[in-house]
Amino acid sequence: MGNDFYTAEQVAELLGLHVRTVRNYIQDGRLPAVRIGKQYRITPDGLNALTGTGTPADAPRIDVTSIVDVEHIDPSAASRMATFLSASAMGRTPGARRLKIDTAYDEAHLTLKVVAIGGPGDVAEILRLVETFVEGSR
């Protein structure tokens with residue numbers, strides 16, 4: 001695409017959307033664009049604003065902290081879950097947002113505490129993994 005602007009058709013192709021959807025995003029204000037003649041042009045920053053990629057350092061950032069208690073879990077299952085969650089947090093793509101997972105097991109109460117800190121989507125994925133792990137061990 002070697003230029004500084006995208007057409008609505010190019011954005012539609014990049015995102016796998018219908019061109020009419022892209023034009024609706026422009027008219028709704030969800031996709032920043034400038035009108036040149038009879039056509040809209042979208043800057044790379046405008047495209048990044050829509051997709052949420054390449055945001056500037058001073059842009060608002062949402063962090064989520066979630067604490068999950070998994071009760072009635074035996075020590076070996078707790079150890080497997082802690083290892084699985086830690087590996088999930090570490091096995092992320094380079095440049096991905098930081099995701100921190102801490103676990104603590106209380107042997108007296110057979111409870112595993114999981115603390116997840118990161119972006120909303122990442123923490124939601126960790127919660128899904130915890131649920132899947134617990135459902136699979138029943």
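**Nonpolar cores, strands and exposure in a predicted model**

Modeller: In this predicted model, the largest nonpolar core has 18 residues, and Met81, Leu85, Ile101 and Ile126 have the most contacts inside it. At least two residues of this core come from each of β4, α4 (75-90), β6 and α5 (120-136). A second, separate core has 11 residues, among them Val11, Val19, Leu31 and Leu47.

Colleague: What makes such a set a nonpolar core?

Modeller: The term stands for a set of buried Ala, Val, Leu, Ile, Met, Phe, Trp, Tyr and Cys residues joined through side-chain atoms within 4.5 Å. In soluble globular proteins, nonpolar side chains tend to be buried together.

Colleague: Which residues does Leu85 touch?

Modeller: Leaving aside residues up to four places away in sequence, Leu85 touches Ile101, Val114, Ile126, Leu129 and Val130. These are contacts because heavy atoms lie within 4.5 Å.

Colleague: On what basis are the values and residue numbers given?

Modeller: Residues are numbered from 1 along each chain as its sequence is written, and side-chain values use heavy atoms, with hydrogens and water left out. As the model is predicted, local features need pLDDT of at least 70 and side-chain atom pairs count only at pLDDT 80 or more, whereas totals for chains, interfaces and linings use all residues.

Colleague: Why is Ser66 called buried or exposed?

Modeller: Ser66, in strand β4, has a relative accessible area of 13%. Buried means under 20% relative accessible area, exposed over 50%, and partly exposed in between (1.4 Å probe, protein chains only). Ser66 is therefore buried. Not counting residues up to four places away in sequence, Ser66 touches Val114, Val115, Ala116, Val123 and Leu127.

Colleague: Why is Ala49 called buried or exposed?

Modeller: Its relative accessibility is 52%, and the limit for exposed is over 50%, so Ala49 counts as exposed. Ala49 belongs to helix α3 (residues 44-51). The C-alpha atoms of Ala49 and Arg30 are separated by 8.3 Å, with the two residues 19 apart along the chain.

Colleague: How do you know that β4 and β6 are paired strands?

Modeller: Strands are DSSP runs of E with at least two residues, helices are runs of H or I with at least four, and both are numbered from the N terminus. Two strands pair if DSSP finds at least two bridges between them. Strand β4 (residues 64-71) and strand β6 (residues 111-118) share 8 bridges, so they pair, in the antiparallel sense. In this pairing, Ile67 stands opposite Val115 in β6. Strand β5 (residues 100-106) also pairs with β6 in the antiparallel sense, over 7 bridges.

Colleague: What lies between β5 and β6 in their hairpin?

Modeller: There are 4 residues between them, and Leu110 in the turn has a positive phi of about 50°. Asp106 has Thr111 in β6 as its bridge partner.

Colleague: What makes β1 and β2 edge strands?

Modeller: In an open, antiparallel sheet, 3 strands follow the order β1-β3-β2. β1 (6-7) and β2 (34-36) are the edges, as each pairs on one side only. The antiparallel β1 and strand β3 (residues 39-42) are joined by 2 bridges, which meets the requirement of at least two. Thr7 has Arg41 in β3 as its bridge partner.

Colleague: How do you know that the charge of Arg35 sits over the ring of Tyr40?

Modeller: The definition requires NZ of Lys or CZ of Arg within 6 Å of the ring centre and within 35 degrees of the ring normal. The charged end of Arg35 sits over the ring of Tyr40, 5.1 Å from its centre.
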